[in-house]
Amino acid sequence: MSGAYTESLNKLIEEFEKLPGVGPKTAERLAFYVLKVAPAEAMRLADAIRDTKNKIKRCEVCYNYSEQKICEICSDERRDKSLICVVEQPKDVIALEKTGACKWVYHVLGGHIAPLEGIEASDLTIDKLVERVRGGGVKEVIMATNPNMAGDGTTLYVSSVLRPLGVKITRLARGLPAGSTIEYASGKILTDAILGRRELE
Ligand SMILES: [Zn+2]
């Protein structure tokens with residue numbers, strides 16, 4: 001930032017710098033890009049940011065992002081509602097959906113249990129998942145948390161609270177490299193993991 005820039009430009013550079021992976025040089029370049037483009041073009045970016053924050057909320061059933069009360073997947077009649085795939089975050093839904101191998105519905109936990117980071121089970125949507133299963137009609141809960149320590153711990157906890165309800169609980173197969181994440185897994189590996197899922201002992 002420099003005193004040579006106007007106040008607005010300094011502010012814009014400052015905001016861009018807060019974005020993940022954006023350093024001071026890139027922030028400056030982006031700010032000058034905004035300054036240079038046609039007003040309508042720049043406003044489209046501003047509107048997209050505003051809409052994202054104003055319109056997107058959580059689906060009341062699965063807690064995935066949605067612009068309606070109930071998301072498109074939950075309201076899709078062709079989905080098998082007796083299968084609930086449990087993931088940590090909305091990005092995981094996108095990764096799994098890309099495989100085209102999923103006809104189930106989801107439940108987004110909103111993260112994983114990590115006591116050292118101050119994230120307890122009660123901070124996630126686990127109670128809502130229990131409510132869904134208790135509501136009946138659920139045959140299988142497929143745990144698709146990340147294959148790392150936090151994800152495994154979360155699956156262990158979730159299965160311990162679901163087990164008394166008598167529902168079948170499975171876990172994506174271990175084709176996924178240990179310590180990796182669902183988000184960055186390839187479509188082929190994910191599809192194999194879905195098809196090869198195993199019942200949790
Ligand atoms: Zn939903």
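Trp 104 and Tyr 106 are both buried in this predicted model. A pair of aromatic rings is described by the distance of the centres and the angle of the planes. The structure holds two such aromatic pairs. In one of them, Tyr 5 and Phe 32 meet edge-to-face, with 5.5 Å from centre to centre and 75° between the planes. Tyr 5 sits in the segment before α1 (7-17) and Phe 32 in helix α2 (residues 24-36), so this pair ties together parts that are 27 residues apart in sequence. Phe 32 counts as partly exposed because its relative accessibility is 35%. Trp 104 and Tyr 106 also form an edge-to-face pair, at 6.5 Å centre to centre and with 85° between the planes.

**The nonpolar cores**

Tyr 106 belongs to the largest nonpolar core, which has 42 residues. Leu 96, Tyr 106 and Leu 162 are the residues with the most contacts inside this core. The elements giving two or more residues to the core are β3, α4, β4 (104-108), α5 (126-134), β5 (140-143), α6 (149-162) and α7 (187-195). β3 provides the largest share, five residues.

The surroundings of Tyr 106 can be listed as well. Leaving aside neighbours within four places in sequence, Tyr 106 is in contact with Cys 62, Ile 73, Arg 79, Ile 84, Cys 85, Val 87, Val 93, Leu 96, Glu 97 and Arg 132. A second core, separate from the one just described, has seven residues, including Tyr 5, Leu 9, Phe 16 and Ala 31.

**Helix α4**

Which residues of α4 are buried? They are Pro 90, Asp 92, Val 93, Ala 95 and Leu 96. Among the elements that cover the buried residues of α4 are β1 (57-58), β2 (65-66), β3, β4 and α7. After α4 comes Gly 100, with a positive phi near 75°.

**Salt bridges**

The count of salt bridges comes to 11. The table gives three of them.

| Pair | N to O distance | Relative accessible area |
|---|---|---|
| Glu 41 and Arg 44 | 2.7 Å | Glu 41 35%, Arg 44 52% |
| Arg 79 and Glu 97 | 2.7 Å | Arg 79 14%, Glu 97 24% |
| Asp 192 and Lys 188 | 2.7 Å | Asp 192 39%, Lys 188 57% |

An α-helix has 3.6 residues a turn, so residues three or four places apart point the same way. Glu 41 and Arg 44 are three residues apart in helix α3 (residues 39-55), which means that about one helical turn separates them. Glu 41 is partly exposed, whereas Arg 44 is exposed. Asp 192 and Lys 188 are four residues apart in helix α7 and are likewise separated by about one helical turn. Here Asp 192 is partly exposed and Lys 188 is exposed.

The bridge between Arg 79 and Glu 97 joins side chains from two elements. Arg 79 lies in the loop between β2 and β3, and Glu 97 lies in helix α4, so the bridge ties together parts that are 18 residues apart in sequence. Arg 79 counts as buried because its relative accessible area of 14% is under 20%. Glu 97, at 24% relative accessibility, is partly exposed. Both residues also belong to a network of salt bridges that links Asp 76, Arg 78, Arg 79 and Glu 97. Arg 79 and Glu 97 are in addition among the contacts of Tyr 106.

**A charged residue without a salt bridge**

Glu 88 is found in the loop between β3 (80-87) and α4 (90-98). What is the nearest side chain of opposite charge to Glu 88, and how many Å away is it? It is Arg 171, at 6.9 Å. A salt bridge needs the nitrogen and the carboxyl oxygen to be within 4 Å, and Glu 88 has no salt bridge although it is buried. The side chain of Glu 88 does make a polar contact of 2.9 Å with the side chain of His 112. Not counting residues up to four places away in sequence, Glu 88 touches Val 108, Leu 109, Gly 110, Gly 111, His 112, Thr 145, Asn 146 and Gly 151.

Notes: Residues numbered from 1 in each chain as written. Predicted model: local features only at pLDDT ≥ 70, side-chain atom pairs only at ≥ 80, totals over all residues. Heavy atoms only, no water. Buried < 20%, exposed > 50% of the residue type's maximum accessible area, 1.4 Å probe, protein only. Lys, Arg positive; Asp, Glu negative; His and termini not counted. Polar contact = N/O pair within 3.5 Å; in protein donor to acceptor, adjacent residues only side chain to side chain. Contact = heavy atoms within 4.5 Å. Phe/Tyr/Trp six-rings, centres within 6.5 Å; stacked < 30°, edge-to-face > 60°. Core = buried A, V, L, I, M, F, W, Y, C linked by side-chain atoms within 4.5 Å.
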